[in-house]
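Subject: Handing over a structure, with notes

Dear colleague,

I am passing on the structure we spoke of, together with the notes I have made on it. Please read them with the model open beside you.

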Amino acid sequence: MAGQMLDGKAIGSQIQAEVAEKVARLTAAGRRPPGLAAVLVGENPASRVYVGSKVRACASLGLYSERVERPSDATTEEVLAVVAGLNARDEVDGILVQLPLPPQVDEKAVLEAVSPAKDVDGFHPVNVGNLVLDRPGFVPCTPAGILELLRRCSVPLQGARAVVVGRSHIVGKPVATLLLREHATVTICHSRTADLAGVCREADILVAAIGKAALLTHEFIRPGAVVVDVGINRVTDLEEARRLFGGDEARLAQVREKGSTLVGDVLPTAMWEKASRYTPVPGGVGPLTIAMLMANTLAAYERRAGASA
Ligand code: NDP
């Protein structure tokens with residue numbers, strides 16, 4: 001059985017087009033565009049790439065955006081001052097603090113300083129509480145994107161057995177909460193789960209958010225399950241790539257020519273052979289994360305405009 005791909009890239013583009021259309025309507029009516037500020041502390045190359053793509057996405061959809069940078073030796077107080085400044089500015093609807101922060105900066109204090117009304121990443125305890133209590137608030141972008149993908153691809157959730165591997169605050173826990181909200185029967189697994197393969201095999205919907213290359217293999221997937229692979233892991237070894245991707249020549253060529261390719265937390269050949277539907281890596285969950293950040297920024301604008309009307 002060959003599984004069908006859930007095309008996160010296409011659905012991410014669809015969501016972005018919907019946001020762009022609403023923003024165009026706002027600006028055509030003479031209103032200011034929604035605005036997002038990204039706070040980047042230090043020189044982490046991956047963080048720079050992520051912030052760059054978020055700022056570019058804003059520009060392409062007509063949103064206002066700005067990047068506020070501080071050096072890698074910035075203190076907690078300096079970063080808190082940046083956040084306080086952005087909280088106070090009317091044209092900034094959403095604030096994202098790119099993680100990880102350098103070790104000397106108190107991440108918890110910084111995330112809690114972001115106004116819950118501008119917390120488009122959904123990391124503030126107030127928004128975490130709102131999510132758990134089924135109240136309106138901001139939902140973290142990756143989990144929100146996963147649910148949007150499942151909804152738009154008409155994957156039945158009510159009554160489905162969902163297994164989420166990973167219990168992070170950013171992915172695992174909020175995804176499990178959202179699936180529960182949709183009336184799935186949810187099990188959360190982690191590094192100390194006994195018989196992980198056996199639990200995973202019970203899943204109609206299997207979500208992998210672990211951060212370990214191809215950890216979930218054939219024996220973890222029930223035939224016909226829907227598999228959502230959140231993991232992003234880099235593979236640089238050609239023999240390893242051959243083991244993971246079988247005869248997928250394009251992937252092997254990537255390793256030969258560019259030095260690496262990406263793999264998720266699920267063995268690709270296992271997903272292709274056993275799942276009925278699956279998200280590829282890359283091109284699955286990743287594009288939805290950015291799309292939901294744009295959607296959350298528009299929502300923050302609308303709520304703030306509503307609150308001040
Ligand atoms: P974390 O490291 O915060 O959490 C990983 C989770 O996996 C933990 O709960 C851990 O368990 C669990 N885990 C680790 N090893 C095992 C194991 N051997 N068996 C079972 N469970 C295990 O990662 P994140 O949630 O932040 O990210 C997960 C992955 O998703 C990463 O690859 C990351 O790059 C990717 N990601 C992708 C995004 C996207 O846009 N596509 C966005 C965010 C993340 P325990 O709690 O017991 O330690």
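What follows goes from the chain as a whole to the sheet, then to two helices, one loop residue and the cysteines.

Please bear in mind throughout that this is a predicted model.

Overall form

The chain has 309 residues and a radius of gyration of 20 Å, which agrees with the value near 19 Å that a compact globule of this length would have. Along the principal axes, its C-alpha atoms fill a box of roughly 55 × 45 × 40 Å. Of the 309 residues, 50% count as buried, and the accessible surface comes to about 14000 Å², with carbon and sulfur atoms contributing 55% of that area. If one takes the contacts with a separation of 6 or more, 71% of them are between residues 24 or more positions apart.

The secondary structure amounts to 12 helices and 11 strands. The chain is divided into domain 1, covering 30-115, and domain 2, covering 141-285, and the centres of these two domains, taken over C-alpha atoms, are separated by 29 Å.

The six-stranded sheet

Six of the strands form an open sheet with parallel pairing, and their order across it is β1-β11-β8-β7-β5-β6. The edges are taken by β1 (4-5) and β6 (185-189), each of which has a single partner strand, so one side of each is left without a neighbour in the sheet.

Further in, strand β8 (residues 226-229) is covered on both faces, with Val 226 and Val 228 buried on one side and Val 227 and Asp 229 buried on the other. This strand pairs in the parallel sense with β7 (residues 205-208) over four bridges, and within that pairing Ile 205 has Val 226 as its bridge partner. Strand β8 is also joined to β11 (residues 277-278), again in parallel, by two bridges, where Val 227 stands opposite Tyr 278. Val 226 and Val 227 are thus buried residues of β8 that also take part in its pairing, Val 226 with Ile 205 and Val 227 with Tyr 278.

Strand β7 is in turn joined to β5 (residues 161-165) by four bridges, and these two strands run parallel; here the bridge partner of Val 165 is Ala 208 in β7.

Two helices and what covers them

In helix α7 (residues 172-181), the buried residues include Gly 172, Pro 174, Val 175, Ala 176, Leu 178 and Leu 179. Their cover includes the helices α5 (125-132) and α6 (141-152) as well as the strands β5, β6 and β7, and three strands of the sheet described above therefore appear in that list. After α7 comes His 183, which has a positive phi, near 70°.

Helix α10 (residues 249-258) has Arg 251, Leu 252, Ala 253 and Val 255 as its buried residues, and what covers them includes β9 (233-235), α9 (238-245) and β10 (261-263). Just after α10, Gly 259 likewise takes a positive phi, of about 90°.

A loop residue beside the edge strand

Asp 7 lies in the loop between β1 and α1 (8-28), and with a relative accessibility of 31% it counts as partly exposed. Apart from neighbours within four places in sequence, Asp 7 is in contact with Leu 149 and Gly 283. Its C-alpha is 18 Å from that of Gly 224, a residue 217 places away in sequence.

Cysteines

How many disulfides does the structure hold? The number is zero. For Cys 153 the reason is distance, because the closest cysteine sulfur, in Cys 141, is 19 Å from its own sulfur, too far for a bond. Cys 200 is in no disulfide either, and the nearest cysteine sulfur, that of Cys 189, is 5.1 Å away, whereas the cut-off applied to a pair of sulfur atoms is 2.5 Å. Both residues are buried, Cys 153 with a relative accessible area of 13% and Cys 200 with one of 1%.

With best regards

Methods
Residues numbered from 1 in each chain as written. Predicted model: local features only at pLDDT ≥ 70, side-chain atom pairs only at ≥ 80, totals over all residues. Heavy atoms only, no water. Buried < 20%, exposed > 50% of the residue type's maximum accessible area, 1.4 Å probe, protein only. Pairing = 2+ DSSP bridges. Rg over C-alpha atoms; globule rule 2.2 N^0.38 Å. Contact = heavy atoms within 4.5 Å. Areas by Shrake-Rupley, 256 points an atom, 1.4 Å probe, with all protein chains shown as cover. Domains from an automatic or database assignment.
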